[in-house]
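Here is a short report on packing and charge pairs. Look at the structure first, then read on.

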Amino acid sequence: MNGTLALLRLALRLDRVRLPIWLAALTLSAAGSASSFASVYPTDADRAGLLAAANANPTFAALYGQAHGAGIGALTSWRLITFYGVIAGLMTVLLVIRHTRTDEDAGRLELLRATVVGRHAALTAALLEALLANTALALLVGLTMPAPHPGGLALGAAFAGTGLTAGAVAAVAAQLTESPRAATGIAGAYLGAAYGTRAVADAAGIDWLRWVSPIGWAQQIRPYAGDRWWILALFAALFALLAAAAWTLAARRDVGAGLLAARPGRAEGRLTGPFALAWRLQRGTLIAWLAGFATAGLGIGAAAGSVADFVDGPDSTAGQLVARLGGTGGIVDAYLATSLGLCAMVAGLYTVTAVLRLRGEETALRAEPVLATGVTRRAWMATHLTIAFAGTAALLLVLGTGAGLVHGGLPRILAASAALIPAAWVVGGIAAALFGLLPRAATAAWAAVGAFLLIAFLGPILKAPGWVQDLSPYTHTPHLPGPAPTGGLATPLTWLTVIAAALTTAGLIGLRRRDIG
């Protein structure tokens, strides 16, 4: 363990920007959701009606789980605890993988181990950072949620417990594989399985199955509706067990190796040009995202048919507000517009991931051998950008198709989903411009994504100035399905496309004028 505290300080220094962004986004959006519930469901009768509708609807039980109380805090916990638990898990997985398998794969950990640093120091420092990050998340959520604060702390602890168990799974995965991508995939599969198991248990009403999933444990804490603190002992026990397993496995392998031997892929097909190479590198990620968006589309379509049950009618406070959000298209159209818009923001994450693969190829010194052939810089970058932008469009079209097939009205929903594509392209254009012009700052594209999400979630709630909300491209997308905006669809979509094209062109020009690496 020698050197653990020094490596912990180093990890915190390296994450001094991204970690506060994660914590701020989760904390502020959770507080904003509580404020939204207070506005949409101001009376006890409104909230009691929502509670009854939530527990009587299997589709929403699968999405959000069981609701255990009619207070603002209890309903906010019901709405957030599953999804935000997954997001906290994703945050922790990325932290742990970055400071274990990624450092090892890049050769940095071997240099550190050549000094007076113990064998388990890096792994222990990563787990300690995960513990500190999730503890801070629990405290921030507890202090910003509505009183009584023990309920808010219970909600934050539920997020933290889910995050810590996912981080411990990532620590084990980092010992099993030789690739950061594979380790992240294993931890991501764990989160997906935990969420899916919980969804089946809640939809089918199988009580014992809820205890199989750590996300189900988080729900059973029941913040603001009993605060069952003893369940945190389950998270602590699982975290300790997985951490011990990670330390044991780390002692049984060589530095740079994984316990599961890497197998070379089948040498099938021909790499006839830069596009074929880019497709070979990007296709696995794109296929996984397509599967996720197809599932999301089916879920959105299935829930749309019963979303009207969550309001008392057009004369209720909730009914009036949700109807206003969807215009004359009605409450269901408002739900579809909101759900598709949120998924479009998630699609922007894929776009940034695909574009920044260029930076990964460059820093790993794999771009230079390609560019040493007859492949031009412009062609090399353009092929990856083509897959990134076309893949983003495919994600949203698959999303709209799934929702339209289940709910009905496929042309309307598909058109609504397609109208969101240019906004996601703008996010990709920002990443492309940073890569071409300021390659060392290319990862700042993630900060742009985070800023757009914060504007979308908190801008209307905090009544931010119009120019602040206009900074996000998603603010300018039409809220479809529903009536077309007064100025028509062509103008905002054209401008978003032009901005995305201009940013991308700037990136291509920048790459031609700078050194590689």
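## Salt bridges

A salt bridge here is a side-chain nitrogen of Lys or Arg within 4 Å of a carboxyl oxygen of Asp or Glu. The model is predicted. It holds twelve salt bridges.

E361 and R366 form one of them, with their closest N and O atoms 3.0 Å apart. E361 counts as buried because its relative accessibility is 6%, and the cut-off for buried is under 20%. R366 is partly exposed, at a relative accessible area of 43%. E361 also meets R357 in a salt bridge, at 3.3 Å from N to O. R357 and E361 sit four residues apart in helix α16 (residues 357-363), about one turn of the helix. R357 is buried, like E361.

## A charged network

Which residues are linked with R198 in a network of salt bridges? They are D202, D207 and R210. Within this network, the side chains of R210 and D202 meet at 2.5 Å, N to O. R210 and D202 are both buried.

## Nonpolar cores

In soluble globular proteins, nonpolar side chains tend to be buried together. The largest nonpolar core of this model has 100 residues. F159, W380, M381, L396 and Y474 touch the most other members. Take M381. Leaving aside residues up to four places away in sequence, M381 touches L358, A432, F435, G507, L508 and L511. Another core lies apart from the largest one. This other core has 24 residues, including V93, V96, L164 and A246.

## T383 in helix α18

T383 belongs to helix α18 (residues 377-407). Is T383 buried or exposed? T383 is buried, because its relative accessible area is 10% and buried means under 20%. A polar atom of the T383 side chain lies 2.7 Å from the backbone oxygen of W380. T383 also touches P274, F275 and A278, with residues up to four places away in sequence not counted.

## A nonpolar surface patch

Some nonpolar side chains lie on the surface. L139, L153 and W229 form a nonpolar patch there. Together these three have about 270 Å² of accessible area.

Where does W229 lie? W229 is in the loop between α11 (214-220) and α12 (232-250). W229 counts as partly exposed because its relative accessible area is 39%, and partly exposed covers the range between under 20% and over 50%.

Technical notes. Residues are numbered from 1 along each chain as its sequence is written. This is a predicted model: local features need pLDDT of at least 70, side-chain atom pairs count only at pLDDT 80 or more; totals for chains, interfaces and linings use all residues. Side-chain values use heavy atoms; hydrogens and water are left out. A nonpolar core is a set of buried Ala, Val, Leu, Ile, Met, Phe, Trp, Tyr and Cys residues joined through side-chain atoms within 4.5 Å. Buried means under 20% relative accessible area, exposed over 50%, partly exposed in between (1.4 Å probe, protein chains only). Contact means heavy atoms within 4.5 Å. Patches are made of residues with over 30% relative accessible area and no salt bridge: like charges are joined within 9 Å, nonpolar side chains (Val, Leu, Ile, Met, Phe, Trp, Tyr) within 5 Å. Accessible areas come from the Shrake-Rupley method with a 1.4 Å probe; for residues, only the protein chains shown count as cover. Helices (H or I, at least four residues) and strands (E, at least two) are DSSP runs, numbered from the N terminus. A polar contact is a pair of N or O atoms within 3.5 Å; within protein, one must be able to donate a hydrogen and the other to accept it, and residues adjacent in sequence count only if both atoms are side-chain atoms.
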